Structures are given as C-alpha cells and as structure tokens.
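Reader: I am new to this structure and would be glad of a close look at a single part of it. Could you choose one strand, go through its surroundings slowly, and then lead outward to the rest of the chain?

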Amino acid sequence: MQHTIKTVEDLRWLIAHTGGFSGGYVTDVQMSKRRLFDEETGCDVLADTTVSVTVRYLVRGVVRVAKLKMTGVTDFSVFEQEGADCSSLGVIHAEHSAGRLRFWFDPQGELYIVCEEAHLEEVATPALETQPIADLARWTFQGHTADGPSMEWLLAELDQAGMPCTWRLAKKRRVADSVVRWEGDLIPSGESADGPLHSVRVMAYRALDGEGFGMVLRVLGAQDRRGCQVLTILADQITQRYAGTCLVGTTIIPGREWEQWRAHDGHA
C-alpha cells in the first residue's frame, strides 16, 4: 500500500490510518542528499534532502511495517544521549503549516523532521498467533492482483526446480472473520510429516488494505538448508510472476528488485 502526504487532509488520513504509530518503534532512519553541479560557479549545490523513517507497529490486530519517505527536507534532527532510546514511539505529532509538513516522532523532539511532502509505503500482515512459532527465516509478499498463488502452483514450481515437497494443511485458526485464506506446511520430500518440523510454513491471506493478496513464507524449526532453499525458490518465482512488494525483517523491497537485493545481500 502506498500513499502520498501533501495536504492537511492527507495528514489526517495518515494519523487515522496509523493510529499515530502508537506503541510502535522506529527500526531505521536514513538521510540522503542530492547535489547538482552549477556550471556558473563551478561548485556543487544542494538540490534536495530526503529522510526515510521505517516504523513497525501494531494496530487493530494487524502488524504493519511502514516506510515514510520525506522529500524536500529543510530541518532534520535526531538526538540520543547517555543510552536514551528515541526509537520507541508513543503517538507522533504532525502539522501542516506554510506549505510544509512537520513531524515530531516523540514528545521530546529527539526525532524531528520538516519537509515538503511525504510518501508512505507499507506492508501489513495479520497478527493472529498468541504463541508465535519460532522461525529461522521469514519473507512476506504483498501482491497487487486479486488472486495470488495457489498451493498447487507452489508445489508445481518446486517440482520444476528439483525441490519436490509434500503439503500438510495447518490447523484452522480460531479467529472470527479471519483474513487467512489457507495455511499449511511445505515439507521437503523424504522427510516424515509426523517428525520434527523442518518445513516452510505458508500463509495466504486477503489484502488488509484495498485490492490484492498477501503471503508469508517462514522456515520453521532448526537451521535447515533445504527449508531456506524452498523459501528462496518460491520467493524468486512469486516475484517473477506477480507484481508487488516484499518484506524481509523490516526492509521493504519492490518485488522487481528482489533478486538483485538478495544477490547483493548474500541471501540464498
């Protein structure tokens, strides 16, 4: 889900949608400066400053990772002293004045940004497990089309890649009005379905914001190379087949850039 913040109405939408990021925490802050060469003076001049803030938060039973990219930044401060932590958020404060947006990410103003506009990019997943299962690796995909991959399609892709798996349906979640379409485990052939978990848990769910679908892949159990290979094969095939956005940890990656990012960061 993407949304541009320029006006007072946009700002009101942001606060209503995120709940002011109440109870969330900042996971990443990045700043970049763009300079242009001025032929008259022979010097580089500052053209634009961009600050990106990534926030993970929980609202109305949904886990969200939001990247707020602010352009035309004219004032930016981040301040921590003697072990203080400004990453934990209460409720952010924001205002629109004189054509600019102002964000206070904490009451003390330790993370403060003034900009011309902001662009929100967000990935959302259901928060349904009261006792989360430990996972070795996790990959989330938020697709733009109404229908996503089927379990049969996943199995066929794994067969074609030389990594055949069997399917075990997970227990039905006891959650009213669950957005989960289906869920189960992909178990590499040759492993017992009744043995220890060395599998990839797949959860497919309806879009939580507008059109589209969501899918989470998780490698369960102890470190298992075959499980990581299954996840990587499926992630590659899904991003090639469907337009959308990936989430690894709290890093949001356009689907078309997934394989390039994986190769650069050494993920296999």
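Author: What follows begins with one strand and its partners, and then moves outward to ring pairs, helices and loops.

The model is a predicted one, and its chain has 4 helices and 16 strands. The part to look at closely is strand 7, residues 100-104, which has a covered face made of Leu101 and Phe103 and an uncovered one made of Arg100, Arg102 and Trp104. In a regular strand the side chains alternate between the two faces of the sheet.

Strand 7 has a partner on the side of strand 6, residues 93-97, to which it is joined by 5 bridges in an antiparallel arrangement. Within this pairing, histidine 93 stands opposite tryptophan 104, a residue of the uncovered face. The two strands form a hairpin with 2 residues between them, and in that turn alanine 98 has a positive phi of about 55 degrees. Strand 7 also pairs with strand 8, residues 111-115, again in the antiparallel sense, over 4 bridges. Here leucine 101, which belongs to the covered face of strand 7, has cysteine 115 of strand 8 as its bridge partner.

Tryptophan 104 deserves a second look, since it leads from strand pairing to ring pairing. The count of aromatic pairs in the model comes to 10, and one of them is formed by tryptophan 104 and tyrosine 112, whose rings are tilted, with 5.3 Å from centre to centre and 40 degrees between the planes. Tryptophan 104 counts as partly exposed because its relative accessibility is 25%, whereas tyrosine 112, at 16%, counts as buried because it falls under the 20% cut-off.

Another aromatic pair can be set beside this one: tryptophan 139 and phenylalanine 141 are stacked, with 5.7 Å from centre to centre and 15 degrees between the planes. Tryptophan 139 is buried, with a relative accessible area of 1%, and phenylalanine 141 is buried as well, with a value of 0%. Both rings belong to a cluster in which ring pairs link Trp139, Phe141, Trp153, Phe213, Tyr242, Trp258 and Trp261.

That cluster points on to helix 2, residues 151-160, because Trp153 is among the buried residues of this helix, together with Met151, Leu154, Leu155, Glu157 and Leu158. The buried residues of helix 2 pack against strand 11 (165-169), strand 12 (180-188), strand 13 (200-206) and helix 3. Just after helix 2, glycine 162 takes a positive phi of about 80 degrees. Helix 3, residues 225-241, has 17 residues and reaches 24 Å from its first C-alpha to its last, close to the 24 Å expected at 1.5 Å a residue. Its buried residues include Gly227, Val230, Leu231, Ile233, Leu234 and Asp236.

The loops bring together parts that lie far apart along the chain. Glycine 212 is found in the loop between strand 13 and strand 14, the latter covering residues 213-220, and it counts as buried because its relative accessibility is 8%. Although glycine 212 and glycine 143 are 69 residues apart in sequence, they are 5.4 Å apart in space, C-alpha to C-alpha. Leaving aside neighbours within four places in sequence, glycine 212 is in contact with Gly143, His144, Thr145, Ala146, Arg181, Arg206 and Ala207.

Glycine 61, in the loop between strand 3 (43-59) and strand 4 (62-71), is partly exposed, with a relative accessible area of 41%. Its contacts, not counting neighbours within four places in sequence, are with Pro126 and Ala127. The C-alpha atoms of glycine 61 and threonine 125 are separated by 9.1 Å, although these residues are 64 apart along the chain. Threonine 125 is found in strand 9, residues 117-126, and counts as buried at 12% relative accessibility. Beyond residues up to four places away in sequence, threonine 125 touches Val62, Val63, Thr140, Tyr205, Leu208 and Val216.

The whole chain can be taken in last. Of its 268 residues, 43% count as buried, and among contacts between residues at least 6 apart in sequence, 61% join residues at least 24 apart. The accessible surface of the chain comes to about 14300 Å², of which 48% belongs to carbon and sulfur atoms.

Note on methods: Residues are numbered from 1 along each chain as its sequence is written. This is a predicted model: local features need pLDDT of at least 70, side-chain atom pairs count only at pLDDT 80 or more; totals for chains, interfaces and linings use all residues. Side-chain values use heavy atoms; hydrogens and water are left out. The expected span of a helix is 1.5 Å times one less than its number of residues. Buried means under 20% relative accessible area, exposed over 50%, partly exposed in between (1.4 Å probe, protein chains only). Contact means heavy atoms within 4.5 Å. Accessible areas come from the Shrake-Rupley method with a 1.4 Å probe; for residues, only the protein chains shown count as cover. Rings of Phe, Tyr and Trp (its six-membered ring) pair if their centres lie within 6.5 Å; planes under 30 degrees apart count as stacked, over 60 as edge-to-face and the rest as tilted. Two strands pair if DSSP finds at least two bridges between them.
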